[in-house]
Amino acid sequence: MVGLVRDAEKIARLRRQLLAWYACNRRDLPWRRSRDPYAIWVSEIMLQQTRVAVVVERYQTFLARFPTLLSLAAASEQDVLALWSGLGYYRRARMMLKAARFIAEQRLTGLPASSAALRKLPGIGVYTAAAIASIAFGEAVAVVDGNVERVLCRLEGWEFAEGASESALKREIHLLAAQLLDPAQPGDFNQATMELGATVCLPRNPRCLVCPLAADCRTKGEHATAPRAPMLSREGAHALSIRTRRAGQQVLLEQRPSSLTVMPGLWQLPELKQTEVPGHLLRMTVRHAIMQVNYYVRIRNVYEDELKSLTVAGGARRWVSLAEAAAMALTGLTRKVLTRAHLFEVRPREPLNESQS
Ligand code: SF4
């Protein structure tokens, strides 16, 4: 592989072109209006594996409820998970809470200002530490995410690799990213590269005609992308049990035991023993994607007196009002079902994917 290390002129040109393009074309996203390290941290964690459109809405709600690191540190896990409901990858929220509590217990004034110190906090890896440190504190450290990898590989004509070659390729990509990084504007430069990957150097159809780096790009769209892992299919079934009381309708929810590795502590519709549901009892079928698995879930109307015989014995169960349910830490699937059944007043946006952790 031949990097750009010896070509200082080319590096300077790429920096200039990318930053100029970013200044004119960057999307106006709420976290880009802030230099508050806490706000940038929240956005970076939310943006991992979740679409920008979903994050825009959730980010503002989250910061309205927990405007500072100390307010987050004082929150209960259920309150944090409730705000995270539907974003998926719930472990991210738990780790953020853990890190906020750690900082509060240590009586620190806020997030540490270096990527090395940030990496010591729960849930903050190399990527997130570099993003926070460069954007909020101006540290000259390169960020490499999937978008950056794709842009740099195409720029240099590096092919997708597997096994040991993949590790070598990743090392090259990190080296190149560090060489290209503009030390005078590391935050903007990192965001510019990620933005280019997200809006121009797209995975399937790169928009090379409007790319600021096209003149120096070795592939210009003629580049093999990494093959996508095929989606798997699974079936499941849940009970939708609604009863009416004087104060209004209530829905039966069960809490997933905290001992589970998959979405522990979240609330869901009770799981059915049988995935087959007779047609006249079928309320709806929902497709729900969790990482590389498409779940096809049947929702069956179940009366109160049938619950024991039809459902799998699960965690703690509670009848809750629909208003209370809407504010609880629900699984994404449960929120989707209750929304589609018109039991929630406001239809929240749904993410494409939800992780199980
Ligand atoms: S010219 Fe095309 S392939 Fe090359 S970096 Fe730009 S968008 Fe990507």
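Trainee: OK, so two strands count as paired if DSSP finds at least two bridges between them. With that settled, which residue of β3 is the bridge partner of I242?

Mentor: That's V251. Keep in mind that this is a predicted model. I242 belongs to strand β2 (residues 242-245), and β2 is joined by four bridges to strand β3 (residues 248-255).

Trainee: Parallel or antiparallel, those two?

Mentor: Antiparallel. β2 and β3 make a hairpin, with two residues between them.

Trainee: What about the open sheet, what's its strand order?

Mentor: The order is β1-β6-β5, so to speak, three strands with mixed pairing. Going from one strand to the next, the twist averages 20°.

Trainee: Which strands stand at the edges?

Mentor: β1 (232-240) and β5 (282-290). Each has a single partner strand, so one side of each has no neighbour in the sheet.

Trainee: And how do the strands pair, starting with β1 and β6?

Mentor: As background, strands in a sheet pair through backbone hydrogen bonds, in a parallel or an antiparallel way. Here, β1 and strand β6 (residues 293-301) run parallel and are joined by nine bridges. β5 and β6 pair in the antiparallel sense, over eight bridges.

Trainee: Can I get some residue pairs to click on? What's the partner of A237 in β6, for a start?

Mentor: A237 has R298 as its bridge partner in β6, and R234 has Y295. For T285, the bridge partner in β6 is R298. So R298 turns up as the partner of A237 and also of T285, if you go by the bridges that define pairing. One more to look at: L282 stands opposite R300 in β6.

Trainee: How many residues sit between the strands in the hairpin of β5 and β6?

Mentor: Two, and M291 takes a positive phi near 50° in that hairpin.

Trainee: Which helix lies across this sheet's strands?

Mentor: Helix α14 (residues 332-340) lies across β1, β5 and β6. Relative to β5, α14 runs at about 140°.

Trainee: Switching to helices. How do α8 and α11 cross?

Mentor: For two packed helices, people quote the angle between the axes and the distance between them. The axes of helix α8 (residues 126-137) and helix α11 (residues 186-199) come within 7 Å, with a crossing of roughly 130°. That makes α8 and α11 oblique to each other.

Trainee: Which residues make that contact?

Mentor: On α8, A131, S134 and I135; on α11, P186, G187, N190 and Q191. By class, the contact has three nonpolar residues, four polar and no charged.

Trainee: Zooming out, how is the protein divided into domains?

Mentor: Domain 1 covers 8-216 and domain 2 covers 232-340. Their C-alpha centres are 35 Å apart. In the contact, domain 1 contributes eight residues and domain 2 contributes nine residues.

Trainee: Which helix gives the most on the domain 1 side?

Mentor: Helix α5 (residues 77-84), with four residues. The side of domain 1 that touches domain 2 has three nonpolar residues, four polar and one charged.

Trainee: Last topic, the ligand. How many residues surround it?

Mentor: There are 15, and the closest are C201, P206, C208, C211 and C217.

Trainee: What classes do the residues of that shell fall into?

Mentor: Ten are nonpolar, two polar and three charged.

How values were computed. Residues numbered from 1 in each chain as written. Predicted model: local features only at pLDDT ≥ 70, side-chain atom pairs only at ≥ 80, totals over all residues. Near = placed C-beta within 6 Å. Nonpolar A, V, L, I, M, F, W, Y, C, P; charged D, E, K, R; others polar. Domains from an automatic or database assignment. Contact = placed C-beta atoms within 7 Å. Axes fitted to C-alpha atoms, helices over the stretch in contact; angles between N-to-C directions. Parallel < 35°, antiparallel > 145°, perpendicular 65-115°, else oblique.
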